[in-house]
Amino acid sequence: MNSKSANKIIISPIGDITPDLLVPIASELNRIFGYPTEVLSLLDDIDFAFQPGRNQYHSTPVLEQLALSAPADAIKVLALVEVDLFIPILTHVYGEAQLGGKACIVSTIRLNEGRSYQNTQEPFQSRIVKEAIHELGHTFNLRHCREHTCLMHYCRDESDVDRKSDQLCRYCKVLLEDEIKRMEVK
Ligand SMILES: [Zn+2]
Ligand SMILES: [Zn+2]
């Protein structure tokens with residue numbers, strides 16, 4: 001699957017995701033992972049994942065659909081949604097990823113919290129960018145990191161996200177380089 005011809009990271013917006021969000025995400029994913037990025041809509045909606053009892057969307061089936069709809073030249077796929085996501089063991093998630101797999105997803109809705117008392121879009125935007133890198137990092141086999149400033153640190157709330165830097169720590173960087181090398185000799 002991860003042959004040498006697959007060399008693109010696809011960013012797939014679902015719903016009303018604006019270019020002022022997609023542009024910084026695309027350039028930051030390129031900076032961290034080194035692959036070219038392309039914005040391409042892969043799913044029209046994720047209604048199939050809606051659970052009326054919770055009024056939320058179950059992210060795991062969305063990942064499966066994304067992986068199936070990914071074009072052959074996609075090495076990874078990141079979906080961006082503006083609806084609330086969950087996995088059964090948690091009340092909500094900012095996102096979910098297939099560890100070492102192809103697909104991941106990030107929701108903007110919870111990361112938006114706190115924006116009302118901010119005069120700028122910037123904290124909101126940088127949270128989404130950080131969580132997009134975080135989830136994509138999982139698809140490159142990166143696990144959670146204990147370093148609070150590392151992008152792979154697990155965040156329980158928005159202030160945890162704000163505390164993270166825009167970098168992977170040295171340890172996670174090495175693991176990412178190793179994983180990319182491993183994928184490329186396959
Ligand atoms: Zn995580
Ligand atoms: Zn780290």
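## Terms and basis

Helices (H or I, at least four residues) and strands (E, at least two) are taken here as DSSP runs, numbered from the N terminus. With that naming, Tyr154 can be placed in the loop between helix H3 (122–139) and helix H4 (158–163). The structure described in this report is a predicted model.

## The sheet

The model contains an open sheet of 5 strands, arranged in the order S2-S1-S5-S8-S7, and the pairing within this sheet is mixed. Strand S2 (37–39) and strand S7 (95–97) form the edges, each of them pairing on one side only. On average, and with direction ignored, neighbouring strands of the sheet are turned by 20° against each other.

Strand S1 (residues 8–13) and strand S5 (residues 74–81) run parallel and are joined by 6 bridges; within this pairing, Ile9 has Lys76 of S5 as its bridge partner. S5 also pairs with S8, again in the parallel sense, over 5 bridges. Along that pairing, Val77 stands opposite Ala103 of S8, and Leu80 stands opposite Val106 of S8.

The pairing of S7 with S8 is antiparallel and comprises 3 bridges, with Ile105 in S8 serving as the bridge partner of Glu96. These two strands form a hairpin with 5 residues between the strands, and in this hairpin Gly100 takes a positive phi near 70°.

## Covered strands and the helices across them

Two of the strands can be described by how far they are covered. S5 is mostly covered, 8 of its 8 residues being buried, and S8 is likewise mostly covered, with 5 of its 5 residues buried. In S8, Ala103, Ile105 and Ser107 point one way, whereas Cys104 and Val106 point the other way, and all of these residues are buried.

Two helices lie across strands of the sheet. Helix H1 (residues 19–33) lies across S1, S2 and S5, and runs at about 155° to S1. Helix H2 (residues 59–69) lies across S5, S7 and strand S8 (103–107), and its direction is at about 130° to S8. S5 is thus named among the strands that H1 lies across and also among those that H2 lies across.

## Salt bridges around Lys8

The count of salt bridges in the model comes to 10. One of them joins the side chains of Glu38 and Lys8, which meet at 2.5 Å, N to O. This pair links distant parts of the chain, since Glu38 belongs to strand S2 and Lys8 to strand S1, and the two are 30 residues apart. Lys8 also forms a salt bridge with Asp73, the closest N and O atoms being 2.8 Å apart. Here too distant parts of the chain are linked, with Asp73 in the loop between H2 and S5, Lys8 in strand S1, and their positions 65 residues apart. Taken together, Lys8, Glu38 and Asp73 are linked in a network of salt bridges.

Which members of this network are buried, and which are partly exposed? Lys8 counts as buried because its relative accessibility is 19%, and buried means under 20%. Glu38 has a relative accessible area of 27% and is therefore partly exposed, and Asp73, at 26% relative accessibility, also counts as partly exposed.

## A salt bridge between H1 and a later loop

Arg31 forms a salt bridge with Asp166, and the closest N and O atoms of this pair are 3.9 Å apart. The pair links distant parts of the chain, for Arg31 lies in helix H1 and Asp166 in the loop between H4 and helix H5 (170–185), 135 residues apart. Arg31 counts as partly exposed because its relative accessibility is 37%, and Asp166 counts as partly exposed at 39%.

## A nonpolar surface patch

Ile89, Leu90 and Tyr154 form a nonpolar patch on the surface, and together they have about 320 Å² of accessible area. Is Tyr154, as a member of this patch, buried or partly exposed? Its relative accessibility is 41%, so Tyr154 counts as partly exposed. That value is also relevant to membership of the patch, because patches are made of residues with over 30% relative accessible area and no salt bridge.

Conventions: Residues are numbered from 1 along each chain as its sequence is written. Chains are lettered from A and ligands numbered from 1 in the order in which they are written. This is a predicted model: local features need pLDDT of at least 70, side-chain atom pairs count only at pLDDT 80 or more; totals for chains, interfaces and linings use all residues. Side-chain values use heavy atoms; hydrogens and water are left out. Two strands pair if DSSP finds at least two bridges between them. Axes are lines fitted to C-alpha atoms, for helices over the stretch in contact, and angles run from 0 to 180 degrees between N-to-C directions. Contact means heavy atoms within 4.5 Å. Patches are made of residues with over 30% relative accessible area and no salt bridge: like charges are joined within 9 Å, nonpolar side chains (Val, Leu, Ile, Met, Phe, Trp, Tyr) within 5 Å. Accessible areas come from the Shrake-Rupley method with a 1.4 Å probe; for residues, only the protein chains shown count as cover. A salt bridge is a side-chain nitrogen of Lys or Arg within 4 Å of a carboxyl oxygen of Asp or Glu. Buried means under 20% relative accessible area, exposed over 50%, partly exposed in between (1.4 Å probe, protein chains only).
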